[in-house]
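Trainee: Please walk me through this one slowly, since I am still learning how to read such pictures.

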Amino acid sequence: MHEGSAALGDARPHPARVYDCLLEGKDNYLADQEVAEELAARWPEIQQGVRENRRWMHRAVRYLAREAGIRQFLDIGTGIPTRPNLHEVAQEVEPTARVAYVDNDPLVLNHAEALLTPLTEQGRTIYLQADLRQPGRILASERLNALLDLREPVGLTLVAILHFLEESERPEAILEELVAALPSGSYVALSHACGDAAPASAKDAAAFYREREVSAPVVPRSEARINGFFAGLELLEPGVVPVSQWHPDGPDLPEAVWFYGGVARKP
Ligand SMILES: C[S@@+](CC[C@H](N)C(=O)[O-])C[C@H]1O[C@@H](n2cnc3c(N)ncnc32)[C@H](O)[C@@H]1O
């Protein structure tokens, strides 16, 4: 974790920047670094989970581009650019892949250039500053509709974002609205913080997020609840599992039990 911007050192910690610190990125402020350092010291599993979550995103996107033939992606909760970014993974497999990125953190917007530089000549990307809690606005965006053809299958990726929605914000209803706008043959790839393996620690970590007034509280959910997000979809093997166990591509992967992920097809 680096020294950060002193000028913005008293900014309220934000999940995108805390996550960036945990990935050892440099686009974060002092307040974010303090939260990330304490998180990593008290719950080292979180940092490992974050790294594995990122690797899972790479494998899931590669799967969608290569095996499922997905050519366009809607990625909500993109995060601060971290190489390889989602479009780089997709365009490496499919040079024409198009990606619409969405995040609500202005700092992600500041760094959007890295997201807007396609890996290939034919690949295209856009970035929208928007909120997952307003799915109708995302779907109605002219820029989004100029890039993505919502009559063709889309890969909807919600990677480590739904746990920033509280129950009162009705995450299932938001997901339903997004999926309803996509045609049959679309896919949903979703990862989520899960407290099943260490419920007391997960509760403490969530309480710590609240105490430190991170701008969105974290809400770890059970494996059963995360499975519920895929209701009405055809969940691919092996289902909802710790992210490191989803289509692993190397030996000795850690359990990374703090993040669970799954991929499903819209019938
Ligand atoms: C933990 S980061 C995950 C980044 C990336 N998807 C990954 O997994 O590597 C969560 C991201 O979701 C964004 N986010 C949180 N709540 C959001 C909301 N309501 N609308 C849009 N973005 C949100 C944060 O700004 C942050 O960039």
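**The ligand and its surroundings**

Mentor: Sorted by class, the shell around the ligand holds eight nonpolar, six polar and five charged residues. Here Ala, Val, Leu, Ile, Met, Phe, Trp, Tyr, Cys and Pro count as nonpolar, Asp, Glu, Lys and Arg as charged, and the others, Gly among them, as polar. Keep in mind that this is a predicted model, in which local features need pLDDT of at least 70 and side-chain atom pairs count only at pLDDT 80 or more, while totals for chains, interfaces and linings use all residues. Residues are numbered from 1 along each chain as its sequence is written, and side-chain values use heavy atoms, with hydrogens and water left out.

Trainee: Which residues come nearest, of the 19 around the ligand?

Mentor: Y19, R54, G77, D103 and V159 come nearest of the 19, where being near takes a heavy atom within 4 Å.

Trainee: And which side chain has a polar atom 2.6 Å from an oxygen atom of the ligand?

Mentor: That is Y19, while D131 has a polar side-chain atom 2.9 Å from a nitrogen atom of the ligand. N104 instead uses a backbone N or O atom, which lies 3.3 Å from a ligand nitrogen atom. The protein buries 97% of the 590 Å² that the ligand exposes when taken alone, with areas from the Shrake-Rupley method and a 1.4 Å probe.

Trainee: Which elements give two or more residues to the shell?

Mentor: They are α1 (15-22) and α3 (44-66); helices (H or I, at least four residues) and strands (E, at least two) are DSSP runs, numbered from the N terminus.

Trainee: Switching to the strands, how many residues of β5 are buried?

Mentor: Seven of the seven are buried, so β5 is largely enclosed by the rest of the structure. Buried means under 20% relative accessible area, exposed over 50%, and partly exposed in between, again with a 1.4 Å probe and protein chains only. On one side of β5 (residues 187-193) sit Y187, A189, S191 and A193, and on the other V188, L190 and H192. In a regular strand the side chains alternate between the two faces of the sheet.

Trainee: What does the side chain of S191 contact?

Mentor: The side chain of S191 makes a polar contact of 2.6 Å with the side chain of N53, and S191 is buried, with a relative accessible area of 0%. Within protein, a polar contact is a pair of N or O atoms within 3.5 Å, one able to donate a hydrogen and the other to accept it, and residues adjacent in sequence count only if both atoms are side-chain atoms.

Trainee: Is the pairing of β4 and β5 parallel or antiparallel?

Mentor: β4 and β5 pair in the parallel sense over five bridges, and pairing needs at least two bridges found by DSSP. Among the partners, G155 bridges to Y187, and L158 to L190. From β4 the chain crosses through helix α8 (residues 171-180) to β5 in a right-handed β-α-β crossover, right-handed meaning that the path from the first strand over the helix to the second runs clockwise with the strands pointing away from the viewer.

Trainee: How many bridges join β5 to β8?

Mentor: Seven bridges join these antiparallel strands, and A189 stands opposite V263 in β8.

Trainee: Last one: is P248 buried or partly exposed?

Mentor: P248 is partly exposed at 48% relative accessible area, and this residue lies in the loop between β7 (241-242) and β8 (259-265). Its C-alpha is 8.3 Å from that of W56, although P248 and W56 are 192 residues apart in sequence.
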